[in-house]
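Student: I have a model open on my screen and I'd like to learn how to read it. Could you walk me through it?

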Amino acid sequence: DQVLSKMKRSYQQLIENITEEMVCAGAPRSSLQPLDALKRKAASRSDQWFQRTNNYQVAVSNALQARRGILEDVASRKLWINTSPPCIKNQHSWSAAIHRK
């Protein structure tokens, strides 16, 4: 059973890593919905589903596509005004940095 669940766990860890990366970068919580949906979908899939190479490949591709989509969505400066990423302690420095050209 451990061997079968390894692929599923690695995929779920990928989703967690991407989510953490986006949160640390200050992405608004609402922008993480695609990752939340992928996380729920993965939890509902069997370990055997992830053992099929094509299924695993599609799942990883979807996760990376979700990451790209989030990055594109949050690239708009309008979404970042008056926000401070949790990993940046100085709000003023962050705010000043995003208003520089």
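Tutor: Let's go through helix packing, then aromatic pairs, then a couple of single residues. Keep in mind that this is a predicted model.

Student: Fine. How is the packing of two helices described?

Tutor: In general, you give the angle between the two axes and the distance between them. Take helix H1 (residues 2-24) and H4 here: the angle is about 5 degrees, and the axes are 11 Å apart.

Student: Which way do H1 and H4 run relative to each other, parallel or antiparallel?

Tutor: Angles under 35 degrees count as roughly parallel, so H1 and H4 are roughly parallel to each other.

Student: Which residues make the contact between H1 and H4?

Tutor: On the H1 side, you have Met7, Ser10, Tyr11, Leu14, Ile15, Ile18, Glu21 and Met22. H4 brings Tyr56, Ala59, Val60, Ala63, Leu64, Arg67, Ile70 and Leu71. Sorted by class, that contact has 13 nonpolar residues, one polar and two charged.

Student: And what are the angle and axis distance for H2 and H4?

Tutor: Helix H2 (residues 33-44) packs on helix H4 (residues 53-74) at about 165 degrees, with the axes 9 Å apart. Over 145 degrees counts as roughly antiparallel, so that is the label for H2 and H4. The crossing of H2 past H4 is left-handed. Pro34, Leu35 and Leu38 of H2 make the contact, together with Asn62, Ala63, Ala66 and Ile70 of H4. That contact of H2 with H4 splits into six nonpolar residues, one polar and no charged.

Student: Now the rings. How many aromatic pairs does a search of the whole structure find?

Tutor: The general idea is to look at two things, the distance between ring centres and the angle between ring planes. The search turns up two aromatic pairs. One is tyrosine 11 with phenylalanine 50: 5.4 Å centre to centre, with 35 degrees between the planes, a tilted pair. That pair ties together distant parts of the chain, since tyrosine 11 sits in helix H1 and phenylalanine 50 in helix H3 (residues 47-51), 39 residues apart.

Student: What is the geometry of the pair formed by tryptophan 49 and phenylalanine 50?

Tutor: Their ring centres are 4.9 Å apart and the planes meet at 80 degrees, so this pair is edge-to-face. Put together, Tyr11, Trp49 and Phe50 form one aromatic cluster.

Student: Are those rings buried or exposed?

Tutor: Relative accessibility tells you, and buried means under 20%. Tyrosine 11 comes in at 3%, so it counts as buried. Phenylalanine 50 is at 1% and therefore counts as buried too. Tryptophan 49 is also buried.

Student: Let's try a single residue. Where is threonine 19, and what does it touch?

Tutor: Threonine 19 belongs to helix H1. Its relative accessibility is 9%, so threonine 19 counts as buried. Setting aside residues up to four places away in sequence, threonine 19 touches Arg29, Leu32 and Leu35. Also, the C-alpha atoms of threonine 19 and arginine 67 are separated by 8.4 Å, although these residues lie 48 residues apart along the chain.

Student: One last case: where is serine 31 found?

Tutor: Serine 31 is in the loop between H1 and H2. With 11% relative accessibility, serine 31 counts as buried. Neighbours within four places in sequence aside, serine 31 is in contact with Ile70 and Val74.

Key. Residues numbered from 1 in each chain as written. Predicted model: local features only at pLDDT ≥ 70, side-chain atom pairs only at ≥ 80, totals over all residues. Heavy atoms only, no water. Axes fitted to C-alpha atoms, helices over the stretch in contact; angles between N-to-C directions. Helix = DSSP H or I, 4+ residues; strand = E, 2+ residues; numbered from the N terminus. Parallel < 35°, antiparallel > 145°, perpendicular 65-115°, else oblique. Left-handed = near helix turned anticlockwise from the far one by under 90°. Contact = heavy atoms within 4.5 Å. Nonpolar A, V, L, I, M, F, W, Y, C, P; charged D, E, K, R; others polar. Phe/Tyr/Trp six-rings, centres within 6.5 Å; stacked < 30°, edge-to-face > 60°. Buried < 20%, exposed > 50% of the residue type's maximum accessible area, 1.4 Å probe, protein only.
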